[in-house]
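Thanks for coming. I have one structure to show, and I will start from a single residue and work outwards.

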Amino acid sequence: LFENQYAGIVIDRFGKDTTIRKEDADHFSIRTEIIPSEPFYGWLAGLGVGVRIVSPESEARKYKDYLRDILQHYE
């Protein structure tokens, strides 16, 4: 789930053939297959709170664990 301001970034990352689905006035979603990796998670983290993995839930948990590990490194 992305804030609308990231449409261009999403197209740059996933290509012009990516189907963008409007979710509400401020957000859109895409469905795509990814290879989960630290570089991908880093890209997502760079978008901050303007992006959220919603499915599959197992992948959202992996991303949260990745962010939690980084945060713990600074505590």
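Thr18 is buried in this predicted model. The relative accessible area of Thr18 is 17%, and the cut-off for buried is under 20%, so Thr18 falls on the buried side. Where does Thr18 sit in the chain? Its place is the loop that runs between helix H1, residues 7-14, and strand S2, residues 21-22.

Next, the polar contacts of that side chain. Which backbone oxygen does the side chain of Thr18 reach at 2.9 Å? That one belongs to Gly15. A polar atom of the Thr18 side chain also lies 3.1 Å from the backbone oxygen of Phe14.

Following the loop forward takes us to the sheet. Three strands make up an open sheet, antiparallel in its pairing, and the order is S1-S3-S2. Strand S1, residues 2-3, and S2 are the edge strands, each pairing on one side only. S2 pairs with strand S3, residues 27-29, in the antiparallel sense, and there are 2 bridges between them. For Arg21, the bridge partner in S3 is Ser29. As a general reminder, strands of a sheet pair through backbone hydrogen bonds.

Now the chain as a whole. The secondary structure amounts to 3 helices and 3 strands, and along the sequence the pattern reads β-α-β-β-α-α. Along the principal axes, the C-alpha atoms fill a box of roughly 40 × 25 × 20 Å. Of the 75 residues in the protein chain, 25% are buried.

On to the core. In soluble globular proteins, nonpolar side chains tend to be buried together. Here, the largest nonpolar core has 15 residues, and the ones with the most contacts inside it are Phe2, Trp43, Leu44, Leu47 and Tyr63. Helix H2, residues 38-46, and helix H3, residues 57-73, each supply at least two residues of this core. Which element gives the largest share? That is H2, with 4 residues.

Last, the pockets. The largest pocket holds about 570 Å³ of space. It is lined by 21 residues, and those closest to its centre are Ile30, Arg31, Thr32, Val54 and Ser55. How does the lining of the largest pocket divide by class? The split is 12 nonpolar, 4 polar and 5 charged residues.

To go back to the start: Thr18 is a buried residue in the loop between H1 and S2, with its side chain at 2.9 Å from the backbone oxygen of Gly15. I will stop there.

Notes:
Residues numbered from 1 in each chain as written. Predicted model: local features only at pLDDT ≥ 70, side-chain atom pairs only at ≥ 80, totals over all residues. Heavy atoms only, no water. Buried < 20%, exposed > 50% of the residue type's maximum accessible area, 1.4 Å probe, protein only. Polar contact = N/O pair within 3.5 Å; in protein donor to acceptor, adjacent residues only side chain to side chain. Pairing = 2+ DSSP bridges. 1 Å grid on protein atoms, 1.4 Å probe; cavity = no way out; pocket = protein on both sides within 12 Å on 5 of 7 lines; lining within 4 Å. Points joined across faces, edges and corners; volume = space filled by probe spheres on them. Nonpolar A, V, L, I, M, F, W, Y, C, P; charged D, E, K, R; others polar. Core = buried A, V, L, I, M, F, W, Y, C linked by side-chain atoms within 4.5 Å.
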